[in-house]
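I opened this entry to keep track of what I looked up and in what order. The notes follow the structure shown here.

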Amino acid sequence: MVNKIYHLKIEEDSIEDFYIAIHSPLEAHQIAFYINKKNKVLLERKKKDLKNKKKEGSFSFFEWEDLLSQRRCQLISNKFIQESYNTKAKSYTLFELPERNEVYLISEFKQADFFIKSNYSEIIKTIQIQLNNWSMVSISYNIFPKNKTLNELNI
C-alpha cells in the first residue's frame with residue numbers, strides 16, 4: 001500500500017496596519033464607548049495595560065477582534081500622568097502637592113492623546129470620519145510611521 005503525500009501551497013498576505021492619531025481631552029473609555037456606539041466594532045478593555053520602552057506608565061488598551069475575518073481594531077492611550085510626592089523638596093510649602101510628570105507611550109507623537117490601530121482600512125476610514133464629526137475630538141489624522149515605532153509595541 002502506497003501513501004500519497006499532498007503538499008498545500010499557502011501564501012501569506014502581508015498584513016499592513018493602519019493608524020489614526022487622536023487629540024482629545026477625554027478618557028480612553030469615553031472614546032471607546034463612542035466608537036462602539038457608532039460602529040460594529042466593540043472595543044473591550046484588556047486586563048493588561050501597555051508599558052513604554054522605559055517600563056514607565058500604564059497605558060489603556062482596548063481591543064476588538066473578528067476571528068472569522070481576521071480583522072482587528074485597537075485603541076491605545078499615549079499619555080500617562082505620573083504623580084510623585086517629594087517631601088524633602090517641598091518641606092517649606094503650605095500644601096503638599098504632587099509632582100506631575102507626563103510619560104508617553106510613543107514620544108515621537110507627544111501631541112497625540114490616543115492611537116487607533118487596525119489591519120482593515122475601511123474600519124479606519126469610518127472611525128476617522130466619525131471622530132472628526134464629534135465635537136469632543138479636536139482632530140484625528142492618519143499616521144504613517146517611518147521607523148515602525150508603533151509596530152514595535154508587539155500588540
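I began with how the elements are named: helices (H or I, at least four residues) and strands (E, at least two) are DSSP runs, numbered from the N terminus. With that I could place N39, which lies in the loop between α1 (28-38) and β2 (44-45).

Two notes on the source. This is a predicted model, where local features need pLDDT of at least 70 and side-chain atom pairs count only at pLDDT 80 or more, while totals for chains, interfaces and linings use all residues. Residues are numbered from 1 along each chain as its sequence is written, and side-chain values use heavy atoms, with hydrogens and water left out.

**Entry 1: N39**

I looked up accessibility, where buried means under 20% relative accessible area, exposed means over 50%, and partly exposed is in between (1.4 Å probe, protein chains only). N39 has a relative accessible area of 17%, so N39 is buried. I then looked up contacts (heavy atoms within 4.5 Å). Leaving out residues up to four places away in sequence, N39 touches T126, I127 and Q130.

**Entry 2: helix α2**

I turned to helix α2 (residues 121-133). The expected span of a helix is 1.5 Å times one less than its number of residues. For the 13 residues of α2 this gives 18 Å, and the end C-alpha atoms are 19 Å apart, which agrees.

Which residues of α2 are buried? I found I123, I124, I127, Q128, Q130 and L131. They cover an arc of only 165° around the axis, so they are on the same side of α2. The arc is that of the directions from the helix axis to the C-beta atoms. The face turned away from the buried side of α2 carries the exposed residues I129 and N133. I also checked what covers the buried residues of α2, and the cover includes β1, α1, β3 (61-66), β4, β7 and β8 (139-143).

**Entry 3: L75**

One of those covering elements is β4, and I picked L75 in strand β4 (residues 71-77). Is L75 buried or exposed? L75 counts as buried because its relative accessibility is 0%. Not counting residues up to four places away in sequence, L75 touches a list of residues including I22, A28, L43, S60 and F115. For L75 and S60, which are 15 residues apart along the chain, I noted a C-alpha separation of 8.0 Å.

**Entry 4: salt bridges**

A salt bridge is a side-chain nitrogen of Lys or Arg within 4 Å of a carboxyl oxygen of Asp or Glu. How many salt bridges are there by this rule? The count comes to 5.

K117 forms a salt bridge with D17, with the closest N and O atoms 3.7 Å apart. This pair links distant parts of the chain, 100 residues apart: K117 is in strand β7 (residues 114-118) and D17 is in the segment before β1 (18-23). K117 is buried at 4% relative accessibility, and D17 is buried at 17%.

K79 forms a salt bridge with D113, and the closest N and O atoms are 3.2 Å apart. K79 lies in strand β5 (residues 79-84) and D113 in the loop between β6 (99-104) and β7, so the pair ties together parts that are 34 residues apart in sequence. K79 is partly exposed at 29%, whereas D113 is buried at 14%.

E122 and K125 meet in a salt bridge at 3.6 Å, N to O. They are 3 residues apart in α2, so about one helical turn separates E122 and K125. I last noted that salt bridges sharing partners join D17, R72 and K117 into one network.
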